[in-house]
Amino acid sequence: MSNAHPTTIPAELGDAFRDAFGREPSGVWSAPGRVNLIGEHTDYNRGLCLPVAIPRRTWVAAARREDRRMRILSRQVPGERTIALDGLLEGNRGGWAAYAVGVLWALDQAGHEVRGLDVVVDGRVPLGSGLSSSAALECAVAVAAVDLFALEGLDGDDGRRRLAEVCVRAENDVAGAPTGGMDQSAALLARADEALLLDFDGDRPPVHVPFDLAAHDLALLVMNTRAEHSLDDGQYGNRRGECLAAVAELGLGSLRELRPPDLERVLPRLSSEVLRRRVRHVVTEVDRVTRTVAALESDGFAALTALFDASHASMRDDFEISCAELDTAVDTARARGALAARMTGGGFGGSAIAIVRTDLLDEVSEAVATAFSDCGLREPELFPVTADGSARQER
Ligand code: ADP
Ligand code: MG
């Protein structure tokens, strides 16, 4: 199979597989990490978000087994795991390997005929940095399973949407992380040089939006703060619960039913200031996604400045999911001339992004690194990305 992208399969992946399992892998598959351009904590509120896949990917070398077990090891985490598919929820879920075995389990639950797999993982998406290494792992295993078991109905745009649901189920039910679906959709549906508009209200198909930075002499800078980020420490679920509570108090189906002009009328009906802030974030954030898409479709990156500023302020002040590291990255990038900047992902650490003129990339990066060291913060990891393609077979 010819591959339009330069192949960057980690050199030692095949050897690691042969060492571990004493046979050849049947193939290598990969799935990308992602950054969300705008639209945070909107997926579980039936809202909109706008991720792009990034060239940091997770690779898996894999081969079928005849039993119903997964044997898996990762080049990022020590120790080999063997996990049985049957009785998975009651038994050993394999720690980090739950993200991988969960995909086989969820495929099985959805009625697909799967058996076990031998897998070696090598991920270049930094773990726990808000760039979605978890979905990259799930989706790389998912496309490997689709090919190795010749599963039907999971190809093409519609099939990939079904496959994304399977991966969400793996993450929710097996790994136990209550994520909302953006990450898996990005990893399975994104296209190079485009952003992916996802609408979580009903069953609407995703829309590919032009995002050709290079044509505008712009770059997308990822600023991984390396600040502790974890979705399972309860904060993510807590925000999700607050949104549900607000929906119940207002007697709505979801927050998607509200538009910014409704807020003045609706917010006073909520029982607390905290709920008012949460609702204001979600409703204005969905509106900002719509405006961002309109700007990109009419060739106007300039409009992103105000939209990203407002989005970051909303997450910092109303949704309260920012932190010193994220604010330092965003404020410094903007002060040094970034066209737009905001935190991205679930929050509480993780990464921020900036859209920067290519000729300012070094200057902005250096300024952010210096600001972190001046504030006594851990050195951030800074790297420019392009919008990459979705999960695929590499070999
Ligand atoms: P994020 O998705 O933003 O990187 P998460 O907390 O959702 O952060 O997922 C990170 C977790 O996913 C890791 O702690 C680990 O359990 C699992 N994971 C992801 N990539 C790998 C990998 N290459 N090897 C082992 N585990 C991985
Ligand atoms: Mg994740």
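**Exercise 1. Find which helices are included in the cover over the buried residues of H4, and then describe H4 itself.**

Solution. In this predicted model, the cover over the buried residues of H4 includes helix H2 (98-109), helix H3 (133-148) and helix H5 (182-189). Turning next to the covered helix, H4 runs over residues 156-174, and its 19 residues reach 26 Å from the first C-alpha to the last, which is close to the 27 Å expected at 1.5 Å a residue. The buried residues, those under 20% relative accessible area, include Gly159, Leu163, Val166, Cys167, Ala170 and Val174, and Arg160, Arg161 and Glu171 are buried in H4 as well. Just after H4, Gly176 takes a positive phi of about 80 degrees.

**Exercise 2. Determine which residues are closest to ligand 1, and work out which polar contacts the ligand makes with Gly128, Ser132 and Ser133.**

Solution. Begin with the surroundings: 18 residues surround ligand 1, and the closest are Ser74, Gln76, Gly128, Ser133 and Ser134. Then take the contacts one at a time. A backbone N or O atom of Gly128 lies 2.8 Å from an oxygen atom of the ligand, while for Ser132 a backbone N or O atom lies 3.4 Å from a ligand oxygen. With Ser133 it is an N or O atom of the side chain that stands 2.6 Å from an oxygen atom of ligand 1. Taken alone, ligand 1 exposes 570 Å², of which the protein buries 87%.

**Exercise 3. Describe the shell around ligand 1 by element and by residue class.**

Solution. Strand E6 (117-123) and H3 each supply at least two residues of the shell, and H3 gives the largest share, three residues. Sorted by class, the shell holds eight nonpolar and 10 polar residues, with no charged residues.

Conventions:
Residues are numbered from 1 along each chain as its sequence is written. Chains are lettered from A and ligands numbered from 1 in the order in which they are written. This is a predicted model: local features need pLDDT of at least 70, side-chain atom pairs count only at pLDDT 80 or more; totals for chains, interfaces and linings use all residues. Side-chain values use heavy atoms; hydrogens and water are left out. Helices (H or I, at least four residues) and strands (E, at least two) are DSSP runs, numbered from the N terminus. The expected span of a helix is 1.5 Å times one less than its number of residues. Buried means under 20% relative accessible area, exposed over 50%, partly exposed in between (1.4 Å probe, protein chains only). Contact means heavy atoms within 4.5 Å. A residue is near a molecule or strand if one of its heavy atoms lies within 4 Å of it. A polar contact is a pair of N or O atoms within 3.5 Å; within protein, one must be able to donate a hydrogen and the other to accept it, and residues adjacent in sequence count only if both atoms are side-chain atoms. Accessible areas come from the Shrake-Rupley method with a 1.4 Å probe; for residues, only the protein chains shown count as cover. Ala, Val, Leu, Ile, Met, Phe, Trp, Tyr, Cys and Pro count as nonpolar, Asp, Glu, Lys and Arg as charged, and the others, Gly among them, as polar.
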